[in-house]
Amino acid sequence: MATILTINGEQKSFDAPPEMPLLWVLRDILGMTGTKFGCGIAQCGACTVHIDGKAVRSCVLPVSAVRDRAVTTIEAVGNSPAGAKVQKAWLDLEVIQCGYCQSGQIMAAAALLAATPNPDDSDIDAAMAGNICRCGTYVRIREAIKQAASGRQS
Amino acid sequence: MLTAEKLRQRNSADGVSRRVLLTGGLATGFLLAFHLPLRAASYAMNEPVQPPDVTAGKFAPNAFIRIDEAGNTTLIMPQVEMGQGTYTSISMVLAEELDADWTKVALLHAPPNDKLYGNPTFGLQVTGNSNSIRAWWKPLRTAGATARAMLVQAAAAEWQVDPASCTTSKGEVAHAGSGRKLGYGVLALAAQGQTPPKDVLLKDPKDFVYIGQSLKRLDTPEKVNGKAVYGIDALLPDMKFATVAACPVFGGKVGKVDDTAAKKVPGVRKIVVLDDMVAVIGDHMWAAKKGLEALKIEWDEGPNAKIGSKEIWQHLRAASEKDGAVAKSVGDIAKGLATGDKFEASFEMPFLAHASMEPINATVHIKPDSCEVWTGTQIVSRVQSEAAKAAGLPVEKVIVNNHLLGGGFGRKLEPDMVVAAVRIAKQVDYPVKVVWTREEDIQHDVYRPVYRDTVTATLVDGKVAAWKYKVAGSAVLARWLPPAFQKGIDIDAVDAAVDAPYDIPNFHVEYVRAEPPAVPTGFWRGVGPNNNVFAVECAMDELARKAGKDPVEFRRAMLASKPRALAVLNSAAEKANWGQPLPPRVGRGVCLQPSFETFIATVVEAEIDEMGEVRLRRVVSVVDTGIAVNPDTVKAQLEGGLIFGLTAALYGEITIDKGRVQQSNFHDYRMLRIDQMPKIEVHVVKSGEPPGGIGETGVNAGPPALRNAILAATGVALRRMPIDRSLIAVGKKA
């Protein structure tokens, strides 16, 4: 039976087992590869997407739990004001190195700013500590979130 | 399902064949400063050439530069981008001497071709050794300058003027006398007909317009919106997805496989049983994973099932008692050690996994007479030849499409994931993407070797009078690049021991090759200098204490012949407020190193709580890397490298039980996270010296600087990594 999801504002219809994590639906069925596989056990945050605006780890989220809820991925996060600010700050401060974890970092940061427009360091710690960056871009991530929040230019 | 239209959209950015074209408005790898003549001939080169890019209708003066008639400038990247920023820095070096219009620059991954794109240090396509800029500095400047000269010749011929009266800037040739200008695009075809000059003049560094500027990276705009394509993102019509289980015991084989239940998992297409691993192919990764879980596999574990960490360390400690091959000897070490105040200590470093955020993967399509590979690798030509062997095809029948790497750190200096994917893909006629789970990735790595470095030294008048340094550990080079392993010495394993910066009259370095039982070893970001810088700098702090001197003061007194090292040390001490009072159980630790031809001094400030938990308070690094092609990239590499090294110091250890790795994912192979990181202050020294390596030096600096901070805070001299909290809790002694 076809499953229908609203992803980035578009209805997508596909066949998938109900327990299949959203991550693999996005990547392997829909060909939306911006969302990354990192650990498969919600330990690294590379697979972070928004479900109704909240940051969620798609690698452990069964597709059956998503029905009737809005999915946003890295491909469309720039359409929201918070997402666009985060993307710009990321480029202004040259946060990114290999970039593999950054889809998840940007999704987590955009969700943070949408909920908490002026986060302090402890807000940033709480929202971002679930996202591992092996290249070690943490210092710049913190700065970029603050810049995105203040609208300040580099 | 994936439609052809979706794939076209997705792959449309790939431009030339299927290699990724990065358009934009616009340091790392591994290994030592190879001083050996490894060039060409010493190792099999890939003679057969994968068809390079299309050059018809373009100015294509060499392997690196293409300018079309619209002036679009495509630069072909001989080194791979794995986060270190090399695509931007290499482009800046080419664009500088070409006087290219930076806004018209686009990039292509190089195809496998050692002749055109072999790293000048190795003669092979290798991204590692922190040497992308070091190795290519002269060749790429020459390539850019030669192309520029041909464009000038073409314009001068058109105008019938002396080429010497023409100037270039931002993709245009100008004639000062007449005010005429021609763009490189207009000149492209005429330039193609020019004879390249033999001796081309390179710019005086004072005239650089791009080099030395923190230009925006070319690879990052597509990394903020999900468009960047890594190896794991390869998508092909009709492709299927596979995941693997290798024998958990190193060297073990597959015994019996019962696939009754696995075959019933919806979406499972095929079960592939190889001699050492089993793969399940499905309609998507989830089906493959569920299928693999449903398999009943009996392993033939083999002799390594008896090996554990205890045996491995016994083996290494015994080996480290032997005499080694002498890598360097100055003065009279026997005489030197006979007098003065004696010190001896051994420093031990654990196995480490790479844990790149992009798990290892490869996509392969085998046809009757060809093989095509999609992956992200640090060794694209070796991947091509190894894939050919595994496929049973001549190498010219193998196409390798390289991609951006989601971290490399040395793991992708190995071709094993591609070879495995080829063996699996041989069983089917459709393309198959093989993705390792994080658990398989961590448990089937090639690990940073265990090392034991022993320092025997004497103090006379508060200075080190004799220094005997012995490294015991795996010779990764002997396996990876056999011609580089000469006279029993792994030049990587002793690299930063031989180059220790201190003036010591009797100085002696030895190496004992000790391959750990069962466990495969490989290059890991920071490579040999990781063990050397750690042991040298830990020993220096202990010797300073023994001499009753401040650690910075003690080092300063032995740096008369190393002005660059002395300068960064002084600067770091000043910027880090060295010597100023700190609260109880807070300490500052210093590390000085000259690794990868870059001088770095680092001060870490840390607090150790009563339970022995470590909190980082501040990190300051001063770096003299010679000419910094892109200073912001240098800073970024230092920030990231320090975190990579500090992560290892705080958490990194792979342990072995019954021949298998005990860690499996990020819950038990931990990483530093953002809430644990203080500000990192990196200061880049302005310098006119040739560029040094930058991708790995920060990794070397983190562990010794932190360990020395712990020594200052607690008085406990740790001699093993990672940090053992039980030894530094209140009231404990090492």
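Me: Which residue stands opposite B:Ile366 in E16(B)?
Reply: Happy to start there: in this predicted model, B:Ile366 faces B:Cys371 of E16(B).

Me: How do you know that strand E15 (residues 361-367) of chain B and strand E16 (residues 370-375) of chain B pair?
Reply: Pairing takes at least two bridges found by DSSP. E15(B) and E16(B) are joined over five bridges, in the antiparallel sense, so by that cut-off they count as paired.

Me: And how many residues lie between E15(B) and E16(B) in the hairpin?
Reply: Two residues sit between these strands of the hairpin.

Me: What makes E16(B) and strand E17 (residues 398-402) of chain B a pair, and in which sense?
Reply: The same reasoning helps here: the cut-off is at least two bridges, and E16(B) and E17(B) have five, running in the parallel sense. One bridge links B:Trp374 with B:Asn401 of E17(B).

Me: Why is the crossover from E16(B) to E17(B) called right-handed?
Reply: The path leaves E16(B), passes through helix H10 (residues 380-391) of chain B and arrives at E17(B). With the strands pointing away from the viewer, a clockwise path over the helix earns the name, and this β-α-β crossover is right-handed.

Me: What makes residues of chain A and chain B count as being in contact?
Reply: Their C-beta atoms, placed from the backbone, must lie within 7 Å. On that basis, 46 residues of chain A touch 51 residues of chain B. H5(A) gives the largest share of chain A's side, four residues. That side divides into 25 nonpolar, 15 polar and six charged residues.

How values were computed. Residues are numbered from 1 along each chain as its sequence is written. Chains are lettered from A and ligands numbered from 1 in the order in which they are written. This is a predicted model: local features need pLDDT of at least 70, side-chain atom pairs count only at pLDDT 80 or more; totals for chains, interfaces and linings use all residues. Two residues are in contact if their C-beta atoms, placed from the backbone, lie within 7 Å. Ala, Val, Leu, Ile, Met, Phe, Trp, Tyr, Cys and Pro count as nonpolar, Asp, Glu, Lys and Arg as charged, and the others, Gly among them, as polar.
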